[in-house]
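Hi everyone, thanks for coming. I'd like to walk you through a structure that is probably new to most of you, so let's put it up on the screen.

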Amino acid sequence: MVEIREIAEEASGRLERVGAHSHIRGLGVDDNLMAKPVADGMVGQTRARKAAHLVVKMAREGKLSGKGVLLAGPPGTGKTAIAVGIAKELGEDVPFIVLSGSEIYSAERRKTDVLMEAIRKAIGVRFREIRKVYEGEVASLDVRYEPHPFNPYYQVPGGAKLTLETTDESKKLEVGRGVATQMVELGVKEGDVIQIDAETGKVVKLGRSKEAKTSFEIETEKVVPKPDGKVIKEREFIYTLTLYELDEMFARRSGGGIASLLFGPSTGREISSEIRAAVDSQVSEWVKEGKVKILPGVLFIDDVHMMDIEALSFLARAMEGELVPIIVMATNRGITNIRGTDVRAPFGLPLDLLDRLVIITTQKYSKDEIREILKIRSKEERIELEEDAYNLLTEIGERTSLRHAVQLLSMAGVRARSLSKERVCRDDVEEVDKLFSDVKEAMEHLKNYEKDLLS
Ligand SMILES: Nc1ncnc2c1ncn2[C@@H]1O[C@H](COP(=O)(O)OP(=O)(O)OP(=O)(O)O)[C@@H](O)[C@H]1O
Ligand SMILES: [Mg+2]
């Protein structure tokens, strides 16, 4: 039987919204806290990058949970880019969740629930487990088949005899239907190195043994050394689940075993606060017993000014809690209304929230920096530009915003390509610049024609 499992949305890629930032590989700050002018796809903005690097360090050490960071600066000054850099630096096992301020508004769900879920997705719980396993190279394998209980014409594995070998030992094992079935499904053959969990019988194929006689087929499998020591041994397993995943497991506890808990489909329904409370108390018990370690990740809220007073107050309160991630926010607003109120406040954020934040500001780029970033982007998008085109794009970037210039770069690339030109020249940039307005220009337009537009 083939099991087909759908991958939940969040598992498929945590940086999905960052096409424009694909050139960012990290923060470009070394261990001595020096930010090189150009490194990891990052250009300039060294102060903010250094600060972000410290955030990463503290996050890794779990020292920043419950604190908030605000990236504040004019549009197109690299706030989102820096957040992407933070994610890259944190590495795969530290959760990094992206939420855009406007994402909390949904017809089906409460704002606070969307926020709560994001917070819990951004907290990892690292399990460390010692398990007894049989491990070795399969020296012989003899699967016994028997008729299917419901369909006698159909043969299924009924059990197997196998020999597992390490460099020091050889052991004959007899396994039941469950283990045999897994081995057939995994395509285990002589010469493979496998692991069988002594308690649950779960089979894991580790790879092809280095010592195994090679067959004639082209080997695409990983080659691993033949294990040493005893066939039965204790192994340490480390895996990280998020609080959100634990919530889901808990909610579904009534049905199925551990596998269905782990891999069952996402239900999409709201998880009650009772469930969250139960998970929290279970986790803190595990922490006390030394079974798990909390790994606070990062929740990045882009365009945080899109959130209204209700959501922002919730966020401020949530930051007081015990299990919270590092919350990094970004905004390009100055003094403006807090959404949902008439109150004006710096960044449109209520003071009780602002009080809890450390602020990293981003500055406008110099001409040279804009040029350098455009160069990196053009490489990333495989667009070749003539010197003249670079100059003009840089000028446009200076005059409007970097973001606009980066967008024009792609469009000029498309234009040149559709005219079958190998390189983008000045008139491609001129042309797309004429066709598309930046925000400022569009606003001017609106002002001029206000009376003619519908309102
Ligand atoms: N220091 C930098 N080094 C390299 N690329 C950068 C840098 N700063 C910005 N960029 C790139 O320039 C473009 C615009 O920057 P970004 O979107 O990060 O700005 P922002 O501050 O988030 O703007 P907004 O306020 O409009 O959201 C992106 O493609 C980004 O990757
Ligand atoms: Mg941004």
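Let's begin with the shell around ligand 1, where strand S2 (42-43), helix H2 (79-90) and helix H12 (402-418) each supply at least two residues. Please keep in mind as we go that this is a predicted model. Which residues come nearest to ligand 1? Out of the 22 around the ligand, they are Pro75, Gly78, Lys79, Thr80 and Asn332. If you sort the shell by class, you get ten nonpolar residues, ten polar ones and two charged ones. Domain 1 (9-122 + 297-361) and domain 3 (367-446) each contribute at least three residues to that shell.

Now let's turn to the open sheet. It has five strands in the order S4-S13-S14-S3-S17, and the pairing is parallel. Which strands stand at the edges? Those are S4 (96-100) and S17 (357-361); each has a single partner strand, so one side of each is left without a neighbour in the sheet. On average, neighbouring strands here are turned by 20° against each other, ignoring direction.

If you'd like to zoom in on one pair, look at S4 and S13 (residues 298-302), which are joined in the parallel sense by five bridges. Within that pair, Val98 stands opposite Phe300 in S13. As a general reminder, strands of a sheet pair through backbone hydrogen bonds, either parallel or antiparallel.

There is also a helix to find here. Helix H1 (residues 46-60) lies across S3 (68-72), S13, S14 (326-331) and S17, and runs at about 145° to S17.

For the antiparallel case, let's follow strands S5, S6 and S7. Strand S5 (residues 123-147) runs antiparallel to strand S6 (residues 155-165), with ten bridges between them. Ser140 stands opposite Thr163 in S6. On to the next pair: S6 and strand S7 (residues 170-175) are antiparallel too, joined by six bridges. Here Leu162 stands opposite Leu173 in S7. How many residues does the hairpin from S6 to S7 pass through? The hairpin joins them through four residues.

Finally, let's step back to the whole protein chain. Its secondary structure comes to 14 helices and 19 strands. Of its 455 residues, 35% are buried. And if you take contacts between residues at least 6 apart in sequence, 68% of them join residues at least 24 apart.

That's my tour, and I'm happy to go back to any part of it.

Terms used: Residues numbered from 1 in each chain as written. Chains lettered and ligands numbered in written order. Predicted model: local features only at pLDDT ≥ 70, side-chain atom pairs only at ≥ 80, totals over all residues. Pairing = 2+ DSSP bridges. Axes fitted to C-alpha atoms, helices over the stretch in contact; angles between N-to-C directions. Contact = placed C-beta atoms within 7 Å. Near = placed C-beta within 6 Å. Nonpolar A, V, L, I, M, F, W, Y, C, P; charged D, E, K, R; others polar. Domains from an automatic or database assignment. Buried ≥ 20, exposed ≤ 12 C-beta atoms within 10 Å, placed from the backbone.
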